[in-house]
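Please open the model in your viewer and keep the selection panel at hand. The tour below proceeds by selection, with a short account of what is found at each stop.

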Amino acid sequence: MIHPAKLTLVALASLGLLLSQSCQKSPEAADPTDPAGSGTTAAPTQPTETAVVNLYSARHYDVDETLYQEFQEKTGIEVQVIQGEADELIERIRNEGAQSPADVFMAADAGRLWRAAEAGILQPVDSAVLEASIPEYLREPTGLWFGLTKRARVLVYNPDRVQPTDLSTYEALAEPQWQGRVCVRSSSNIYNQSLLGSMIETLGVPATEAWAAGLVANLARPPEGGDTNQIEAVAAGQCDVAIVNHYYWARMAKSDQPAEQEVVAKTAIFFPNQDDRGTHVNISGGGVTVSAPHRDNAVALLEFLVTPEAQAVFAEGNNEYPVVEGVSLDPIVAKLGKFKVDEVNVASYGRNNPEVVKLVDRVDWR
């Protein structure tokens with residue numbers, strides 16, 4: 001990239017040449033917007049964007065760095081990344097205000113993307129590429145943010161104690177036969193909150209609250225740990241079934257650690273609600289910040305991340321489902337089989353979040 005100072009020297013030299021060629025005007029009368037001395041005013045030249053895009057990301061995966069490097073090699077635009085927790089990054093961008101260097105905000109959950117939009121830090125993007133590549137239910141309706149990968153919230157079960165025919169829906173886990181047999185992480189976890197938000201959108205608040213109360217009554221232990229801990233609890237016989245994101249199990253299935261291979265051997269995956277609305281999916285996604293100093297570069301990055309090549313890297317490198325149709329899956333994930341997806345718009349997860357927070361408190365889901 002040419003240094004800005006050199007660009008300035010080149011521009012001044014060119015201007016001097018043009019002025020010297022104008023025999024009708026003196027240097028003092030020369031108009032820089034009328035370089036040919038024609039007496040008409042030309043449109044001012046627009047400055048070229050610096051070849052950089054500043055990304056504030058709550059994703060923490062090595063595969064992302066590979067994609068950013070590929071983007072730079074393809075476009076010449078360097079991706080400068082600041083990582084942190086989503087809520088912290090949202091607050092940071094708010095505090096930086098109009099002077100924020102952030103161009104793109106990325107989060108690993110639709111609920112957090114909704115929070116970013118509510119905080120006023122995102123601007124709408126009108127991109128034919130993004131709209132053609134990403135199904136409508138996986139993006140914010142006004143273009144404030146876009147899903148880039150999918151994560152299925154599945155049931156993991158112990159095949160020695162549960163048959164696939166025993167399983168059916170999320171709702172069924174609240175029925176009496178599952179008393180003392182279910183594990184799930186805390187209701188403060190955004191993945192669970194987004195699941196509840198989607199259920200409110202489809203079933204309404206009363207039905208969702210009744211389900212949450214029944215689920216709490218059927219817990220084998222108080223909520224603790226992350227999704228990996230729930231899978232381990234099922235393998236250890238502490239519970240028979242748990243609610244988790246699929247890629248945690250896939251990550252363990254690809255591990256070379258004997259302990260994790262043992263856990264995988266004692267568990268299996270089930271996609272709930274296949275006979276009605278489909279399995280809940282969440283997203284990882286991003287949007288352009290409201291004060292993005294390199295807006296065009298920001299849009300270019302998002303558009304690059306939905307190319308088939310980039311989607312394949314997401315899928316194979318981090319066990320996620322692509323948002324673009326026809327992209328190959330990681331072999332382990334592919335073995336889980338095809339499933340029906342709940343196509344409720346992901347923006348509803350965040351929109352319903354305030355009601356979710358009150359709901360889980362009422363049913364004492366800790």
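A nonpolar core is a set of buried Ala, Val, Leu, Ile, Met, Phe, Trp, Tyr and Cys residues joined through side-chain atoms within 4.5 Å. The structure shown is a predicted model.

Begin with Phe-105 and Trp-145: within the largest nonpolar core, which comprises 85 residues, these two have the most contacts. Next select helix α9, residues 246-253, which supplies the largest share of this core, namely six residues. Then display Tyr-157, Tyr-170, Trp-211 and Val-241, which are among the 26 residues of a second, separate core.

Move now to helix α4, residues 110-118. Its buried residues are Ala-110, Gly-111, Leu-113, Trp-114, Ala-116 and Ala-117. Against which elements do the buried residues of α4 pack? Colour α3 (86-96), β3 (104-107), α6 (190-203), β8 (281-288), α14 (347-351) and α15 (353-362) to see these partners. At the N-terminal end of α4, select Asp-109, the capping residue, with a side-chain oxygen 2.5 Å from the backbone nitrogen of Gly-111. After the helix comes Gly-120, with a positive phi near 80°.

Finally, select Cys-183 and Cys-239, whose sulfur atoms lie 2.2 Å apart and form a disulfide. Cys-183 belongs to strand β5 (residues 182-183) and Cys-239 to the loop between α8 (227-235) and β6 (241-245), so the pair ties together parts that are 56 residues apart in sequence. The torsion about the S-S bond of Cys-183 and Cys-239 is about -110°, and the disulfide is therefore left-handed. Both Cys-183 and Cys-239 are buried.

How values were computed:
Residues numbered from 1 in each chain as written. Predicted model: local features only at pLDDT ≥ 70, side-chain atom pairs only at ≥ 80, totals over all residues. Heavy atoms only, no water. Disulfide = S-S within 2.5 Å. Helix = DSSP H or I, 4+ residues; strand = E, 2+ residues; numbered from the N terminus. Buried < 20%, exposed > 50% of the residue type's maximum accessible area, 1.4 Å probe, protein only. Contact = heavy atoms within 4.5 Å. Polar contact = N/O pair within 3.5 Å; in protein donor to acceptor, adjacent residues only side chain to side chain.
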